[in-house]
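Visitor: I am new to this structure and would like a close look at a single part of it. Could you take me slowly through one region and tell me what is found there?

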Amino acid sequence: MDPMKTYDLIVIGTGPGGYHAAIRGAQLGLKVLAVEAGEVGGVCLNVGCIPTKALLHAAETLHHLKVAEGFGVKASPEVDLKKLAAWRESVVKRLTGGVAGLLKGNRVELVRGFARFAGPKEIEVNGERYGGKSVIVATGSEPVALKGFPFGEDIWDSTRALKVEEGIPKRLLVIGGGAVGLELGQVYHRLGSEVTLIEFMPEILPAGDPETAALLRKALEKEGLRVRTGTKAVGYEKKKDGLHVTLEPAQGGQGETLVVDKILVAVGRKPRTEGLGLEKAGVKVDERGFIQVNARMETSAPGVYAIGDAARPPLLAHKAMREGLVAAENAAGKASAFDYQVPSVVYTSPEWAGVGLTEEEAKKAGYRVKVGKFPLSASGRALTLGTTEGLIKVVGDEETDLLLGVFLVGPQAGELIAEATLALEMGATVSDLALTVHAHPTLSEGLMEAAEALHRQAIHILNR
């Protein structure tokens, strides 16, 4: 048997968190091995963030062409689904190829195969054993199945829903009102499906700010999506005319039947931690399968780290990226901890974004909460973009003026939230945001106006 190869750092998984960890480790002078069971780039680049956003952009372009007559622009758009799919894949291929090139350029050795722990800081891949002074687990997550709705030809997960080239169903039921369900639901609606979206909780985006979530729902319903909250799907039966789905009120009551052609289940994701042999490494997981970590991203086993979706919510690529850097820096002997603001974005049209504490969370934390709001109906730039719906909401502490949270619904919310995230990261006050000069006309000046509104000093709205 060949002697076991040894490395300073082994990274299991090359999704956003994994490849960030591997590259940072190499930058710090470590000999790094990356192991990938699927495609370089993980879920995000291959079947998650990137292809979904490509489809969202295509669907939004189609939507704008259809409504452009109101601006005096006439068009008769058609969709070539095969060409759309080819473009989606070209975007994915370019990015995954770029990541592979970055790993190679940073002298990260890449091994293909499924990694299992064979002992503390020792793994086995394709019958070969590798040892590391440190190991980072970055195995990501996978869709959660819903009881009574097994994934297959008629019941889609998010990966299957990306394959628009296989046809657009006339009637689609989306189960789950989180980011994945909302984004893919809007894509299919704009490509021609009659979309009904149900959410068990009283409002979509149940973990977000209720007021801005309600505004996003209103915008989606105005566009034609049927959104039903406080509703659960309990089963279905396939008949000649379609899938007969039984829906019931979340709190119990009289059921009803909805007939659709396909069902997309988007009720969440679970960590990919089964089958890794974590027990052989002394790594503990919680009741949901997440690996327990501290602020250094280190597990219960010294020298073994876990990041991204495998470690803990929120399951966001950019959170995994930062955690990957923290873990790699600790593996290299640096003192690093995860203590960062993490924004959330839903890339629908309009977009929704949020960072920090909601109004309700801030009150529970003991702050004397004060809120400033700026409607996009008062924004000159928003009006030139043809949108009058949207809101920018700033949450602050009345006693100290500390900025606590920012929530937006409107065009480019995912870009605007970066300024708010920086402000929170720096411990800014609401006054800091209000006193920052913003270019005019821009959407970003709405952040300034919302901060001014908190102090009852807004110029373009009445201060009440």
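Guide: What follows is a walk through the part that a record annotates as a binding domain, with a short look at the next annotated part at the end. Please keep in mind that this is a predicted model, and that the domain name comes from an unreviewed UniProt entry, in which "domain: FAD/NAD(P)-binding" covers residues 7-324. Within that span, 33% is helix and 27% is strand, and the C-alpha atoms at the two ends, residues 7 and 324, lie 17 Å apart.

Let us begin with helix H1, which runs over residues 16-27, and helix H4, which runs over residues 81-105; the two pack with their axes 9 Å apart and at an angle of about 25 degrees. Angles under 35 degrees count as roughly parallel, and H1 and H4 are therefore described as roughly parallel to each other. Their crossing is left-handed. On the H1 side the contact is made by Tyr19, Ala22 and Ile23, which meet Val99, Leu102 and Leu103 of H4. Sorted by character, the residues of this contact comprise six nonpolar, no polar and no charged.

A second pair of helices can be read in the same way. Helix H3, residues 49-67, and helix H6, residues 179-190, have axes that come within 9 Å and cross at roughly 40 degrees, and H3 and H6 are therefore oblique to each other. Here too the passage is a left-handed crossing. H3 brings Thr52, Lys53, Leu55, Leu56, Ala59, Glu60, Leu62, His63 and Lys66 to the contact, while H6 brings Glu183, Leu184, Gln186, Val187 and Arg190. The residues of this contact divide into six nonpolar, three polar and five charged, whereas the contact of H1 with H4 has no polar and no charged residues.

At residue 49, where H3 begins, there is also a covalent link to consider, for a disulfide joins Cys49 to Cys44, with an S to S distance of 2.4 Å. The link of Cys44 and Cys49 is left-handed, with -130 degrees about the S-S bond, and the count of disulfides comes to one.

Further along the chain, UniProt lists residues 342-451, again from an unreviewed entry, as "domain: Pyridine nucleotide-disulphide oxidoreductase dimerisation". Over residues 342-451 the chain is 34% helix and 28% strand, and the end C-alpha atoms are 20 Å apart.

Technical notes. Residues are numbered from 1 along each chain as its sequence is written. This is a predicted model: local features need pLDDT of at least 70, side-chain atom pairs count only at pLDDT 80 or more; totals for chains, interfaces and linings use all residues. Side-chain values use heavy atoms; hydrogens and water are left out. UniProt positions are given in the numbering used here, feature names are shortened, and annotations may be inferred rather than shown by experiment. Helices (H or I, at least four residues) and strands (E, at least two) are DSSP runs, numbered from the N terminus. Axes are lines fitted to C-alpha atoms, for helices over the stretch in contact, and angles run from 0 to 180 degrees between N-to-C directions. Angles under 35 degrees count as roughly parallel, over 145 as roughly antiparallel, 65 to 115 as roughly perpendicular and the rest as oblique. A crossing is left-handed if the near helix is turned anticlockwise from the far one by less than a right angle, and right-handed if clockwise. Contact means heavy atoms within 4.5 Å. Ala, Val, Leu, Ile, Met, Phe, Trp, Tyr, Cys and Pro count as nonpolar, Asp, Glu, Lys and Arg as charged, and the others, Gly among them, as polar. A disulfide is a pair of cysteine sulfur atoms within 2.5 Å.
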